[in-house]
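Take a look at the chain below and turn it around a few times. Then we'll walk through it together, starting with a small detail and moving out to the whole thing.

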Amino acid sequence: MADIERYLNIRSAYGGGFDPSGERLAFLMDTTGVPQVWSVGAAGEWPEQHTFSDERVTFASWSPERAELVYGMDEGGNEREQFFLLEPATGDETNLTRRPDAKHRWGGWSNDGERFAFTSNRRDEAVFDVYVQGRDETGNDAEMVYEGEGWLTVSGFSPDDDRLIVSEAYSNYDQDVYVLDIESGDLRHVTPHDGDVRYTSVQWGPDGENLYLVTDRDSDTLFLARLDLDTLGLTAVVDGGEWNVDGVNVDEDTRRVVYTRNVDGYTDVTVGELTDSDRIDPLAEVDLPRGVVGGGQFGPDGQRVALTFTASTENTNVHVLDVESGDSERWTFAGTAGVPEDTFVDPELVHYPTFDGREIPAFFSLPESDTGEGETPVVVDIHGGPESQRRPSFNPVKQYLVAEGYAVFEPNVRGSAGYGKAYSHLDDVEKRMDAVADVKAGVEWLHDHPAVDEERIVAMGGSYGGFMVLASLTEYPELWAAGIDVVGIANFVTFLENTGEWRRELREAEYGSLEDDREFLESISPLNNIESIEAPLFVLHGANDPRVPVSEADQLVERAREQGVPVRELVFDDEGHGFSKLENRVQAYTEIVEFLNEHV
């Protein structure tokens, strides 16, 4: 079979959007080893590459009026994104922001293509201000139109280009929406509320008098709503029911709408038309395979929508959906590096009981080599976030492990997104370790499975998932044959003290505050319970990580070695929160495979 390097060379294409003529689709693809800007003129046409950096490109956004686009790029994974103007026809590029010390968060083009908006922490690293900049301006030419006091993002100019949507996040489950008058600088609060309420995917309505957004106000799940800017009344347009509405996109000229629902991890896509301000009539039944869908960018005439599609057995590519017929066509063909697609394994969606009677959803992938006689090792792969969700999207590492004879178990423990507000709050602060108990319950379910060798179960996870790995190893050491911690949190106190200034308040809302919860945070930090670890441990990190500083890995490895734990460490000097460069991913997962072969 192919080695891990071959699997890591399986490519992804995503983030598609049409140019103003509707003739070319730009997208990001990692053929060179890091995502760069490419474009294609028709389905299956040979793509053209437009950026050639060794650093990752983070997004690309066409001007609505000219054959030019803005793309974002950081350096070494430091997340201090800069913007560049690119003319694909000539290859001419202009550095627009010229502030490598600051983060910049894209907010979109004006409708006339003369300006763009963004937020940045240029003035104060801990907060974000709102800026508007002309397309031919650079650096400090950008005008600060609002001085912020928190985590602000911009999500679009009004139809007449005189206002901006500004969102402020207090946590992943609590946001506010404002409308900013660009000329006067007046900021109007349009979502006053009590408690935690999400307001996401905010879009201008066609007349500029309404906003369309996704919210869970007075609801356990997210629904699509209209916010009347005159009365501030909120009206449900599409009820999520048991499941969340994921996102919405509105084409102002044609009144066409595309929205998605997250149904137990899988995506349902609906295209329709606003026949009334509170009514969307479906246009056609969408013909897409079962999987996970993102994006939803309309072409300039509103006839087509570019979607990013992935499934457990299909690597990520851009599909184009015809709005009127519902037919979809795959436009990009990111390759599978010669690995036959028919060898990819689809997981089983299972639900297992946990300590308080709840059912925890999980995806379970078994190798074809399994005989059902208890000889199969398992990698328990725990997602980060924690307000994230493991969904049935393509994962080359998982497919490699399954091909190598490992089963992969991916639980969505309490605190995960996708299952309603109440479920997401079940792990808040003092309830943090209940999520770790859900992992234990998952391992007990595996023990009862006829395929599983219960002596060869591994915990693996990244970021918050890295904390979950470490906590599982310290709380339930007898369950594990090995642990793999990627950019994980070892001590909540040192993590919060050293994370990026702009992130601290947002993260304290989830984990607990240094001021009020320090003693509790110390008590659950794996670093302070390191003596309990019995299993060999592999710790991987990026030296430039602005979210979970590399000091988390350093102190963990030092303490683990003092305790006599067999521990291996790998730190990349040119990476941040995760590994974006192909050569680094190859080294990281080659060493992970070696570690598994040695200990499992």
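Which residue of β32 is the bridge partner of V378? It's A407. Keep in mind that this is a predicted model.

## A strand with two neighbours

That pairing belongs to a bigger arrangement. Strand β31 covers residues 376-382, and it pairs with β32 in the parallel sense over three bridges. Strand β30, residues 359-365, also joins β32, but here the two run antiparallel, with four bridges between them. One pair to find on this side is F363 with its bridge partner in β32, E410.

Is β32 mostly covered or mostly open? Mostly covered: the strand spans residues 407-411, and five of its five residues are buried. Now check where they point. A407, F409 and P411 go one way, while V408 and E410 go the other, and all of them are buried. That fits a general pattern: in a regular strand the side chains alternate between the two faces of the sheet.

## Two residues to compare

Next, find D438, which sits in helix α4, residues 432-447. Its relative accessible area is 0%, so D438 counts as buried, the cut-off being under 20%. Leaving out residues up to four places away in sequence, D438 touches Y352, T354, F355, I360, V413 and R414.

Now jump to P47, in the loop between β3 (36-40) and β4 (48-49). P47 has 22% relative accessibility, so it counts as partly exposed. Again skipping residues up to four places away in sequence, P47 touches F27, M29, W38 and S39. Try finding A334 too: it is 287 residues from P47 along the chain, yet the C-alpha atoms of the two are separated by 10.0 Å.

## Zooming out

Time for the whole chain. It has 10 helices and 36 strands. The radius of gyration is 24 Å, close to the 25 Å that the globule rule gives for 600 residues, so the chain is as compact as a globular protein of that length. Along its principal axes, the C-alpha trace spans about 65 × 55 × 45 Å.

Of the 600 residues, 61% count as buried. Among contacts between residues at least 6 apart in sequence, 53% join residues at least 24 apart.

## The outside and the charges

The chain exposes about 22500 Å², and carbon and sulfur atoms supply 41% of that area. As for charge, there are 46 positive and 120 negative side chains. How far apart do the centres of the two sets lie? The answer is 1 Å.

Key
Residues numbered from 1 in each chain as written. Predicted model: local features only at pLDDT ≥ 70, side-chain atom pairs only at ≥ 80, totals over all residues. Heavy atoms only, no water. Rg over C-alpha atoms; globule rule 2.2 N^0.38 Å. Buried < 20%, exposed > 50% of the residue type's maximum accessible area, 1.4 Å probe, protein only. Contact = heavy atoms within 4.5 Å. Areas by Shrake-Rupley, 256 points an atom, 1.4 Å probe, with all protein chains shown as cover. Lys, Arg positive; Asp, Glu negative; His and termini not counted. Charge placed at Lys NZ, Arg CZ, Asp CG, Glu CD. Pairing = 2+ DSSP bridges.
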